[in-house]
Amino acid sequence: MKQKNKNLAKSARWYRQTHSKVAIVLLLFIVVMSATGLLLAWKDQLGIKPSSVTVHSNNRSLISLNEIEQHAIHYIDSLNLSTEINRIDYRPRKGIAKVRFETHFTELQIDCYTGNIVSEKTRTADLIEMIHDGSIVDYLFHFKYSKLIYSTVLGLGLLFICVSGFYLWLKPKQIKRNKRLLD
């Protein structure tokens, strides 16, 4: 029984040392992920996400996506920003198309009936999301695997911390139980 307790204590020491080293390495990432996760959860309440505008049809017909794209490119070009479009979020029921760009965080909301720009805002929530999931490195340095590496390392690290933390809680209980059995 004494040898069993020595093995349990040795195992607990290894888990404690490794647990603390892994936790220290992951600490900054865990804090960043927690803080950005909170911001993303509260983005509507904090006003981080641009609100959608609604345009009424007044019996007008919708313009084509090609026209919406041309209006967006013309407007964003006048601001001397990159015109490379990431996506167009087309919302015909609201009469709005949201245009997002590839190399900056500008969002244009365009009237789907006239092509007029009704809103120009910065998508701060997208930047926060990129920091949260690690894709900001991909964005800044054009390294396409950083999000995958970041998520894998952080996920495995957190999993290890959970398992080792459980063992750090369990091992002393096992040692106490074995000591009681010896008495």
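**Exercise 1. Place R87 in its strand and decide how exposed R87 is.**

Start with the secondary structure: R87 lies in strand β1, where strands are DSSP runs of E with at least two residues and helices are runs of H or I with at least four, both numbered from the N terminus. The model is a predicted one, in which local features need pLDDT of at least 70 and side-chain atom pairs count only at pLDDT 80 or more, while totals for chains, interfaces and linings use all residues. Residues are numbered from 1 along each chain as its sequence is written, and side-chain values use heavy atoms, with hydrogens and water left out.

Next, take the accessibility. R87 has a relative accessible area of 43%, so R87 is partly exposed (buried is under 20%, exposed over 50%, partly exposed in between, with a 1.4 Å probe and protein chains only).

Finally, list the partners. Not counting residues up to four places away in sequence, R87 touches K98, V99 and R100 (contact means heavy atoms within 4.5 Å). From C-alpha to C-alpha, R87 and R100 are 5.4 Å apart, with their positions 13 residues apart in sequence.

**Exercise 2. In which sense do β1 and β2 pair, and what joins them?**

Strand β1 (residues 85-91) pairs with strand β2 (residues 96-101) in the antiparallel sense, over six bridges (pairing requires at least two DSSP bridges). One bridge joins R91 to I96 in β2. The two strands form a hairpin with four residues between them, and in the turn G95 has a positive phi of about 75 degrees.

**Exercise 3. Describe how α1 packs on α4.**

Begin with the geometry: the axes of α1 (residues 2-41) and α4 (residues 124-133) come within 9 Å and cross at roughly 150 degrees. That makes α1 roughly antiparallel to α4 (under 35 degrees is roughly parallel, over 145 roughly antiparallel, 65 to 115 roughly perpendicular, the rest oblique). Axes here are lines fitted to C-alpha atoms, for helices over the stretch in contact, with angles from 0 to 180 degrees between N-to-C directions.

Then look at the residues. On the α1 side are V32, M33, T36, G37, L39 and L40, meeting A125, I128, E129, I131 and H132 of α4.

**Exercise 4. Is K171 buried or exposed?**

K171 sits in helix α6 (residues 146-182). With 10% relative accessibility, K171 counts as buried. Leaving aside neighbours within four places in sequence, K171 is in contact with L8, S11 and A12.
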